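Reader: I'd love a close look at one part of this model. Could you take me through the largest pocket and then its surroundings, step by step?

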Amino acid sequence: MHQGETHGSAVIGGGPTTAALEVRGQAISSFFAVAQGTGALGPVIYGALIGDTTNRTPLMWGHILGAAMIFGGIVAWYFGIAAEGQILEDHADPLSTISEEAST
């Protein structure tokens, strides 16, 4: 196969453009998988924090962790951008974009 020749849906030897897009897709899927896994463990963790209700210390630490997560949400609200329902390229250039400086 020659450079840039396609085999199925994959580009063989496509250069840095296809590698950058592949890394972007892999990063998005990895973050999604971690978020789904931690979300699925939520009831188990909360049940362990409650325990048999004789010791309230683990539940207190759970509330402190929740307060830290609320603080993280406030930081995201302050520094974040409204990107709901918009494509990623509206807010950030794709990794495959070549700037004017790099092409000269």
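Author: Happily! Please keep in mind throughout that this is a predicted model.

Let's set the scene with the chain as a whole. The protein chain has 104 residues, and buried residues make up 1% of them. Its secondary structure comes to 4 helices and 2 strands, and reading along the sequence gives the pattern β-β-α-α-α-α. About 8,900 Å² of the protein chain is accessible surface, with 67% of that belonging to carbon and sulfur atoms.

Now to the part you asked about. The largest pocket has a volume of about 200 Å³. Which residues line the largest pocket? They are Gly-42, Ile-45, Tyr-46, Leu-49, Leu-59, Gly-62, His-63, Leu-65 and Met-69. Two helices, H2 (42-50) and H3 (57-79), each supply at least two residues of this lining. Of the contributors, H3 gives the most, with 5 residues. Sorted by class, the lining holds 6 nonpolar and 3 polar residues, and no charged ones. As a general point, rolling a probe the size of a water molecule over the atoms shows where empty space is left.

One lining residue is worth a pause. Tyr-46 lines the largest pocket and is found in helix H2. Is Tyr-46 buried, partly exposed or exposed? Its relative accessible area is 49%, so Tyr-46 counts as partly exposed, because the exposed class is reserved for values over 50%. For a sense of spacing, the C-alpha atom of Tyr-46 is separated by 9.7 Å from that of Pro-58, a residue 12 positions apart from it along the chain.

Next comes the connection between the two helices. Thr-53 is found in the loop between H2 and H3. What is the phi of Thr-53? Thr-53 has a positive phi of about 65 degrees, although it is not a glycine. Most residues other than glycine have a negative phi. Thr-53 is also exposed, with a relative accessible area of 58%.

Finally, let's follow H3 (57-79) to its other end. A search of the whole structure finds 1 aromatic pair. Tyr-78 and Phe-79 form this pair, with 4.9 Å from centre to centre and 90 degrees between the planes. Why is it called edge-to-face? Planes over 60 degrees apart count as edge-to-face, so the pair of Tyr-78 and Phe-79 falls in that class. Both partners are exposed: Tyr-78 has a relative accessible area of 61%, and Phe-79 has one of 63%.

To pull the picture together, H2 and H3 each supply at least two residues of the pocket lining, and the loop between them holds Thr-53.

Definitions and conventions: Residues numbered from 1 in each chain as written. Predicted model: local features only at pLDDT ≥ 70, side-chain atom pairs only at ≥ 80, totals over all residues. Heavy atoms only, no water. Phe/Tyr/Trp six-rings, centres within 6.5 Å; stacked < 30°, edge-to-face > 60°. Buried < 20%, exposed > 50% of the residue type's maximum accessible area, 1.4 Å probe, protein only. 1 Å grid on protein atoms, 1.4 Å probe; cavity = no way out; pocket = protein on both sides within 12 Å on 5 of 7 lines; lining within 4 Å. Points joined across faces, edges and corners; volume = space filled by probe spheres on them. Nonpolar A, V, L, I, M, F, W, Y, C, P; charged D, E, K, R; others polar. Areas by Shrake-Rupley, 256 points an atom, 1.4 Å probe, with all protein chains shown as cover.
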